[in-house]
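This report goes through one structure, from its cysteines to its core and its open spaces. Keep the sequence and the 3D view at hand while reading.

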Amino acid sequence: MDIRNCSSPTEFLLLGITNNPAMNVALFTTFLLVYLIILMANLGMITLIRMDPQLHTPMYIFLSHLSFSDLCYSTAVAPKMLMDLLSEEKSIPFAGCALQLLTFYIFTDAECMLLAVMAFDRYKAISKPLLYAVDMSSKMRSRLLAAVYLVGITDALVHTSLTFRLCFCGSNEINHFFCDIPPLLLISCSDIQVNELAVFIVFGFIELSTISGVLISYCYIISSVLKIRSTEGKFKAFSTCASHLTAVAIFQGTILFMYFRPSSSYSLDQDKMTSLFYALVIPMVNPLIYSLRNKEVKAGIKKLKKKLLF
C-alpha cells in the first residue's frame, strides 16, 4: 500500500487477556497481587544494594540494574492491563501504544544484555580473581552499562519506528493486553516483510550474542572451577552462579519460544500466556531467585531490618 494514501487510527482497542467478563475480577486480584510483589521485591532489591556498602560490588550493581529493568518493563504493561480488566473502555492512544512498545523493548533488551554482562562478571571473578578489581573497575562497569542501555534503546527505536510506520486501515482492535509487535503486525494492511526480517535479524543477533556470551563465560568458569582442589571451594564457586543460570534459563527460554518459533505454530492465546509469563512472572521471581539463594543478600536484609527497627 502507498504510504501516502495510508490512514491510521488515533487509538487502538486492547481486547485483553480473556473474552470472559466473569473472570476479570479474579484476574485483576491475581495480577494486582503479582504487580505489588514486583514493585516491593525489585524496589527492595535496589534499595538494599544502594544502602548496604557490602553489596557495592560489580555483581550487585548489575543486579540492581536487572531489578530496575524488571520494574520498568513490567510497569510499561501491568497498570494499563489492570485498568482494562475493570473498565469497559479499553482504548489506548496511538502515541501511547508506541510509547508502551518502546519502553517495553528498551528494558527487555537491557535485561537480555545484562544477563550476558553478569555472566562475564562471574567469569572474571572466578577465573581471574586477582585481576577482578582491575578488570571490573568502575570505569569498565560504566562502559558495560552504557552499552546495555544503548543496545536496548537502539533496538527498541528500530522496532517501534518500523511498526508504527505501517498502515492500520482496517480494524483497530489488538487481540492482546498490551501493544506488542506480533499482534500489531496482524492488524496492519501494509507489507510487513521488512518488520518480520527486522525481528529475525535484530532480535536474532541480540539473542545469539547474549546466549553465546553466557555459554562462553560459563565454559571458562567450569574449566576454572574444575581446577579447584577442595570440594567446598568448587561448591562455593558453583553456588554463586546458580541463581544467575536459573534467571538466564527462564528469561532466554521464554524469549526464544516467543519470537523464534515457527509461524505455523503461532497462536494468539498462547502468545498472551507467554507474554504474561515474561512481562509479569519473570520480574516477580528474579529478585526472589537472587535473594533466596544468596547469603550476602540475606545478610543485607537482616542488617536493613535492624536499622529500620532500631
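## Cysteines

Cys112 is buried, because its relative accessible area is 3%, and the cut-off for buried is under 20%. Like everything that follows, this value was computed from a predicted model.

Cys112 takes part in no disulfide. The nearest cysteine sulfur belongs to Cys72, and it is 16 Å away. A disulfide is a covalent bond between the sulfur atoms of two cysteines. For a pair to be counted here, the two sulfur atoms must lie within 2.5 Å. The distance of 16 Å from Cys112 to the sulfur of Cys72 therefore does not meet the cut-off of 2.5 Å.

How many disulfides does the rule give? The count comes to one disulfide. The bond joins Cys97 to Cys179, with an S to S distance of 2.0 Å. Cys97 is in helix H3, while Cys179 is in the loop between strand S3 (173-174) and helix H6 (181-186). The two cysteines are 82 residues apart, and the pair links distant parts of the chain. The torsion about the S-S bond of Cys97 and Cys179 is about -125°, so this disulfide is left-handed.

Both partners are shielded: Cys97 is buried at a relative accessible area of 0%, and Cys179 is buried at 0% as well. Cys219, in contrast, counts as exposed because its relative accessibility is 53%, and the cut-off for exposed is over 50%.

## The nonpolar core

The largest nonpolar core has 88 residues, and Phe12, Phe31 and Leu184 touch the most other members. Helix H3 (residues 94-127) provides the largest share of this core, 20 residues.

Which residues does Phe12 touch? Leaving out residues up to four places away in sequence, the contacts of Phe12 include Phe94, Cys97, Phe164, Phe168, Ile174, Leu184 and Ile187. Cys97, one of the disulfide partners, is thus among the residues that Phe12 touches. Phe12 also touches Lys90, Ser91, Ile92 and Asn172.

## Pocket and cavities

The search of the whole structure finds two cavities of 30 Å³ or more. The table lists these two cavities together with the largest pocket.

| Space | Volume | Largest share of the lining | Residue classes in the lining |
|---|---|---|---|
| Largest pocket | about 830 Å³ | H8, ten residues | 13 nonpolar, seven polar, seven charged |
| Largest cavity | about 100 Å³ | H3, five residues | nine nonpolar, one polar, two charged |
| Second largest cavity | about 50 Å³ | H10, four residues | three nonpolar, one polar, three charged |

The largest pocket has a volume of about 830 Å³. Of the 27 residues that line this pocket, Lys236, Ser239, Thr240, Asn294 and Glu296 are the closest to its centre. Helix H2 (58-85), H3, helix H8 (231-260) and helix H10 (295-309) each give two or more residues to the pocket lining.

Twelve residues line the largest cavity, and those nearest its centre are Thr108, Asp109, Phe203, Glu207 and Ile255. H3, helix H7 (193-226) and H8 each supply at least two residues of this lining.

The lining of the second largest cavity consists of Leu48, Met51, Asp52, Gly300, Lys303, Leu304 and Lys307. Helix H1 (24-51) and H10 are the elements that give two or more residues to it.

## Two further buried residues

Arg122 is found in helix H3. Is Arg122 buried or exposed? Arg122 is buried, because its relative accessible area is 10%, under the cut-off of 20%. Not counting residues up to four places away in sequence, Arg122 touches Met59, Tyr132, Ile221, Thr240 and Cys241. Thr240 is also one of the residues closest to the centre of the largest pocket.

Pro283 has its place in helix H9 (residues 268-292). Pro283 counts as buried, since its relative accessibility is 0%. With residues up to four places away in sequence left out, Pro283 touches Ile38, Asn42, Asp70, Tyr73, Ser74 and Tyr278. Pro283 and Gly233 are 50 residues apart along the chain, and their C-alpha atoms are separated by 31 Å.

Conventions. Residues are numbered from 1 along each chain as its sequence is written. This is a predicted model: local features need pLDDT of at least 70, side-chain atom pairs count only at pLDDT 80 or more; totals for chains, interfaces and linings use all residues. Side-chain values use heavy atoms; hydrogens and water are left out. A nonpolar core is a set of buried Ala, Val, Leu, Ile, Met, Phe, Trp, Tyr and Cys residues joined through side-chain atoms within 4.5 Å. Buried means under 20% relative accessible area, exposed over 50%, partly exposed in between (1.4 Å probe, protein chains only). Contact means heavy atoms within 4.5 Å. On a 1 Å grid over the protein atoms alone, a cavity is a set of points where a 1.4 Å probe fits but cannot get out, and a pocket is an open set with protein on both sides within 12 Å along at least five of seven lines; lining residues have an atom within 4 Å of a point. Grid points are joined across faces, edges and corners, and a volume is the space filled by probe spheres set on the points. Ala, Val, Leu, Ile, Met, Phe, Trp, Tyr, Cys and Pro count as nonpolar, Asp, Glu, Lys and Arg as charged, and the others, Gly among them, as polar.
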